[in-house]
Amino acid sequence: MFTILSPPFALLLISAALSGLSTYGEGLPLSNEAALALTAMLWLTGALLASRALTFFVSRRFKRQTGSPPPSLLTDLLSGLIWLGTLTSLSVVEFNVSPSAAVATSGVLIAVIGFAVRSLVADLLYGVTMAIERPFEIGDWVRLADGSIGQVEEMTWRAVKLVSADNVKIVVPNAKLAMEEIVNFEQPEPYWRKREKLVLGYEVPPRQVADLLAAAVQEVPESAGVPMQPEARIVGYEEHGIEWELRFWLPDFERNSEISQKIHEAILRNMRFAGIRVPRPREEVFIAELESERASDRMV
């Protein structure tokens, strides 16, 4: 029957049943061990219920203020604190352990476990720091120091999980992530600026090139809807033409490839209508008379 019940409700029913047995007349007395086990189960049931209730209220308040669910790291940390406090209180109240000894034991236990799993502890501490500072949110697109780009899928007590545009999962430990430079494409605003370079001939007027490139961006509805204007700038001079840089804005990173492709198609279409071609590298060949050189060679 308990397979269809949630864990808190199942434990509560078990505790209630045991409590009823302990008070059902004088013919069913419980031994000290059974009574102690029943009490411990009541404590654990209360801890589980308190953990679930706190997680529910924190998640509800967090989502109301930020619009997104809280990271699992935060809820796991709160649950861990409740369980640690419950076990410490249980040892003091029911097992007659002195408060100082219980606190000291908990501290030593935490220290031993922390030394054994110090890398995990570092991940936990850095995870708490990132949960407070919020350098990114669930669903944000970020770029790591090694160039990897992915969408934040989950933030746990140990690592941050990303999913790349190629549908590949990237798991980065919190301690490693805290030491790296992170580029967030969703903050402070979801739209961001992209740069593309191309080379056009010296014979094309600069004003015509600037209008052509800006018009290509405005022809794509997604980029035209961003409240920022595109720019075309000269960034260099090559042997076969002028190097231009088109700076345009995209509404979000997720559609980066799709919108960029449409803008490139619009640029090529406008260039074809205007009769402009991308220049090819040029080579100059000089042909001169070599008879005098050949005659001098024969005399030698």
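The expected span of a helix is 1.5 Å times one less than its number of residues. This rule applies to the helices shown below, all taken from a predicted model.

**View 1. Helix α7 and its buried side.** Helix α7 comprises residues 206–218, 13 in number, and its first and last C-alpha atoms lie 19 Å apart, close to the expected 18 Å. Val209, Ala210, Leu212, Leu213, Ala216 and Val217 are the buried residues of α7. Because these residues cover an arc of only 165° around the axis, they fall on the same side of α7. Their packing partners are the strands β6 (192–200), β7 (231–237) and β8 (242–250), together with the helices α8 (221–224) and α9 (256–274).

**View 2. The three-stranded sheet and the helices packed on it.** Strands in the order β6-β8-β7 form an open sheet with antiparallel pairing. β6 and β7 are its edge strands, each pairing on one side only. From one strand to the next, the twist averages 25°. Six bridges connect β7 and β8 in the antiparallel sense, and Ala232 has Leu246 of β8 as its bridge partner. Helix α7 packs on this sheet, where it touches β6, β7 and β8, and its direction makes about 25° with that of β8. Helix α9 also packs on the sheet, touching β6 and β8, with its direction at about 135° to that of β8.

**View 3. Helix α9, with its buried and exposed sides.** The 19 residues of α9 should span 27 Å at 1.5 Å a residue, and the end C-alpha atoms are indeed 27 Å apart, which agrees. The buried residues in α9 are Asn256, Ile259, Ser260, Ile263, Ala266, Ile267, Asn270 and Met271. They are placed on the same side of α9 because they cover an arc of only 135° around the axis. Ser257, Leu268, Arg272 and Phe273 are exposed on the other side of α9. The cover over the buried residues of α9 includes β6, α7, α8 and β8. After α9 comes Gly275, with a positive phi near 75°.

**View 4. The five-stranded sheet.** An open sheet of five strands, with antiparallel pairing, follows the order β4-β3-β2-β1-β5. At the edges stand β4 (169–173) and β5 (183–184); each has a single partner strand, so one side of each is left without a neighbour in the sheet. β3 and β4 run antiparallel and are joined by five bridges. Within this pairing, Leu162 has Ile170 of β4 as its bridge partner.

**View 5. The surroundings of Lys161.** Lys161 lies in strand β3, which spans residues 159–163. Its relative accessible area is 24%, so Lys161 is partly exposed. Leaving aside residues up to four places away in sequence, Lys161 touches Gln151, Val152, Glu153, Glu154, Thr156, Ile170 and Val171. The C-alpha atoms of Lys161 and Val172 are 6.5 Å apart in space, although the two residues are 11 apart in sequence.

**View 6. Arg134 in the loop between α5 and β1.** Arg134 is located in the loop that lies between α5 (118–133) and β1 (141–143). With a relative accessible area of 16%, Arg134 is buried, since buried means under 20%. The side chain of Arg134 makes a polar contact of 2.5 Å with the side chain of Glu137.

Key:
Residues are numbered from 1 along each chain as its sequence is written. This is a predicted model: local features need pLDDT of at least 70, side-chain atom pairs count only at pLDDT 80 or more; totals for chains, interfaces and linings use all residues. Side-chain values use heavy atoms; hydrogens and water are left out. Helices (H or I, at least four residues) and strands (E, at least two) are DSSP runs, numbered from the N terminus. Buried means under 20% relative accessible area, exposed over 50%, partly exposed in between (1.4 Å probe, protein chains only). The arc is that of the directions from the helix axis to the C-beta atoms. Contact means heavy atoms within 4.5 Å. Two strands pair if DSSP finds at least two bridges between them. Axes are lines fitted to C-alpha atoms, for helices over the stretch in contact, and angles run from 0 to 180 degrees between N-to-C directions. A polar contact is a pair of N or O atoms within 3.5 Å; within protein, one must be able to donate a hydrogen and the other to accept it, and residues adjacent in sequence count only if both atoms are side-chain atoms.
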